[in-house]
Amino acid sequence: MARIVVLGGAMTGLATAALLGRDGHDVTVLERDVAEPKGDADELWRTWERPGVSQFRLPHIMLGAWNKVMEEDLPEVLDEVVRLGCSHVNTIATQPDTLTGGTRPGDEELRNLIGRRPVVEAALATVAARTPGVTIRRGTKAESLVATAGADGVPQVGGVVTQDGEVLTADLVVDAMGRNTTLDRMLDAIGATGPEVQAEDLGFVYYCRHFRNNEPRTMPVVGAVIPYEGMTLLVIPADADTYCLVFSVASNDHEMRDLREIDAWERALALFPNFSPVRAVSTPITDIQVMNGGGDRRRSLLVDGAPVVTGLVAVGDSAVRTNPLLGRGASTGLVQARTLRDVLREVAPDRPDVLALRFGEAVDATVGPMYRFTLDQDQHRMAEVQAEIAGRPYPPAGAGWRLQRALQMMFSQDPDALRALFRAAHRIEAFDTGTLPDTLRAKIEELEVDRPVYPPGGPTRTQLLAAVAGRPAQSAPA
Ligand SMILES: Cc1cc2nc3c(=O)[nH]c(=O)nc-3n(C[C@H](O)[C@H](O)[C@H](O)COP(=O)(O)OP(=O)(O)OC[C@H]3O[C@@H](n4cnc5c(N)ncnc54)[C@H](O)[C@@H]3O)c2cc1C
């Protein structure tokens with residue numbers, strides 16, 4: 001069994017440690033933040049300081065794909081989150097039979113775990129810390145890598161140096177340092193070529209406010225991503241009757257920047273009448289939290305099919321970052337962690353070149369298709385939003401986007417369309433025309449899909465801009 005050092009002890013690093021520890025590996029997690037998780041859900045939310053994770057107190061939901069892997073491989077994590085007060089909501093079971101056509105096999109996979117991020121991460125930390133062979137060292141920052149020249153002169157990593165100069169030797173180092181990983185600097189210092197990077201310039205900015213619902217039955221939906229003209233509204237329920245409402249706008253949409261002000265944010269929310277009843281009985285538990293989610297980004301340590309480094313792999317946001325709006329990040333990290341465990345069952349770290357290649361290929365098989373699907377969705381949604389900001393139409397520019405719109409038009413009339421959308425939303429599988437039943441495909445071919453499908457009665461961009469600016473709607477520019 002191998003000595004493995006994991007850099008970063010958050011959602012992906014902790015899951016990686018727990019999975020590898022169970023397989024008998026000796027795993028040390030280095031986490032630069034000092035604080036330990038302690039207390040109940042509300043104490044974790046209030047007091048756990050995690051400066052290393054900027055989105056720590058922003059809304060998170062764990063999708064079907066995350067729950068499925070946890071159920072199969074780390075069921076104690078689900079026990080622990082439930083003990084802390086989180087719960088599961090099946091997104092099909094909460095819809096009326098008229099919409100779903102009744103229960104079908106596979107529906108059980110379409111469930112969200114609702115809980116605040118500090119609570120979910122604390123559960124993971126508890127389970128990882130209990131796993132024999134796993135040591136979590138908080139307050140220990142990884143500073144650099146130790147490497148020798150491997151095959152063909154490609155650096156082979158054999159350990160890590162901490163900020164105090166301590167050297168930890170390892171058969172394998174796993175970078176789980178998240179979206180702001182310093183891996184490139186570390187690779188440069190050992191003479192390795194940087195990873196191959198695919199990155200989008202524009203992303204979405206999130207204006208979030210958390211509430212406690214004093215009358216939980218007033219919640220209009222159990223969680224949703226609802227697109228409107230030029231922006232998207234997110235409703236993210238959590239544990240202890242808390243929930244978060246989020247306006248997500250393009251990062252270059254300067255006219256929406258005043259959403260950071262509480263009054264402007266609340267004026268904008270008042271344009272969504274579905275939320276007035278729940279807002280009226282809710283107490284805010286935060287001010288407006290603002291975060292730029294960044295664009296989708298994928299970094300591969302295989303360049304032109306060959307590893308740029310061996311003895312090291314990257315997982316989680318460091319390797320694959322997707323639009324937070326879709327809530328796929330933790331699931332994608334978990335799938336990578338499980339892929340690493342599976343590859344290590346076949347290839348030991350004493351064959352570093354084979355391991356690097358095999359892991360790169362395996363991750364492309366397990367994560368690549370959903371990443372490419374997400375990228376396609378995001379690029380089209382961003383183009384649509386940019387067109388709406390500029391006041392021009394955005395006709396479906398590709399088959400994938402046309403299909404997405406068609407499914408949105410059909411979901412309230414066709415249970416297959418509903419499930420195709422939900423299965424993708426839960427990151428279970430991407431859809432394409434080939435995976436849909438013939439009857440649904442035939443209906444879609446007949447549809448005229450020439451404009452976005454927004455909920456009826458929602459505000460236009462002009463109305464939203466007027467609300468944000470505090471102007472009467474009629475004086476807003478056309
Ligand atoms: C606004 C927002 C909302 C989101 N909502 C969702 C959601 O609903 N569902 C979902 O699944 N995902 C969501 N995500 C994505 C999710 O937060 C990430 O995918 C997830 O946190 C990635 O986990 P990670 O462990 O890879 O990285 P991180 O959570 O970023 O953790 C990296 C860890 O590495 C540590 N670290 C960094 N450098 C060092 C070092 N040198 N030495 C030691 N430790 C180090 C950090 O302190 C940190 O603990 C959201 C993201 C954002 C921005």
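Domain bounds, as used here, come from an automatic or database domain assignment. In this predicted model, domain 1 takes in residues 1-200 and 294-383, and domain 2 takes in residues 204-292. Both domains matter for the largest cavity, since each of them gives at least three residues to its lining.

That cavity is one of three of 30 Å³ or more found by a search of the whole structure. The space inside the largest cavity is about 50 Å³. Its lining consists of L58, P59, H60, G115, R116, R117, H210, I236, P237, A238, Y243 and C244. Two strands, β14 (231-237) and β15 (242-250), each contribute at least two residues to this lining. Sorted by class, the lining of the largest cavity has seven nonpolar, three polar and two charged residues.

The second largest cavity follows with a volume of about 40 Å³. Around the second largest cavity stand V320, T322, R328, T332, V367, M370, Y371, T374 and R427. Here a helix is the main contributor: α12 (residues 368-390) gives the most to the lining, with three residues. The class count for the second largest cavity is four nonpolar, three polar and two charged residues.

The ligand is the next subject. Its shell holds 33 residues, and the closest are E31, H60, I61, R117 and D317. Two of these names, H60 and R117, also appear in the lining of the largest cavity. By class, the shell around the ligand has 13 nonpolar, eleven polar and nine charged residues.

Which polar atoms of the protein lie opposite oxygen atoms of the ligand? In the case of H60, a side-chain N or O atom is 2.7 Å from a ligand oxygen. The backbone also takes part: a polar backbone atom of A330 is 2.8 Å from an oxygen atom of the ligand, and for G327 the distance from a polar backbone atom to a ligand oxygen is 3.1 Å. On its own, the ligand has 1,000 Å² of accessible area, and the protein covers 97% of it.

Three elements give two or more residues each to the shell around the ligand: α1 (11-22), β2 (26-31) and α10 (329-346). Of the elements, α1 gives the most, with three residues.

Methods. Residues are numbered from 1 along each chain as its sequence is written. This is a predicted model: local features need pLDDT of at least 70, side-chain atom pairs count only at pLDDT 80 or more; totals for chains, interfaces and linings use all residues. Side-chain values use heavy atoms; hydrogens and water are left out. A residue is near a molecule or strand if one of its heavy atoms lies within 4 Å of it. A polar contact is a pair of N or O atoms within 3.5 Å; within protein, one must be able to donate a hydrogen and the other to accept it, and residues adjacent in sequence count only if both atoms are side-chain atoms. Accessible areas come from the Shrake-Rupley method with a 1.4 Å probe; for residues, only the protein chains shown count as cover. Helices (H or I, at least four residues) and strands (E, at least two) are DSSP runs, numbered from the N terminus. Ala, Val, Leu, Ile, Met, Phe, Trp, Tyr, Cys and Pro count as nonpolar, Asp, Glu, Lys and Arg as charged, and the others, Gly among them, as polar. On a 1 Å grid over the protein atoms alone, a cavity is a set of points where a 1.4 Å probe fits but cannot get out, and a pocket is an open set with protein on both sides within 12 Å along at least five of seven lines; lining residues have an atom within 4 Å of a point. Grid points are joined across faces, edges and corners, and a volume is the space filled by probe spheres set on the points.
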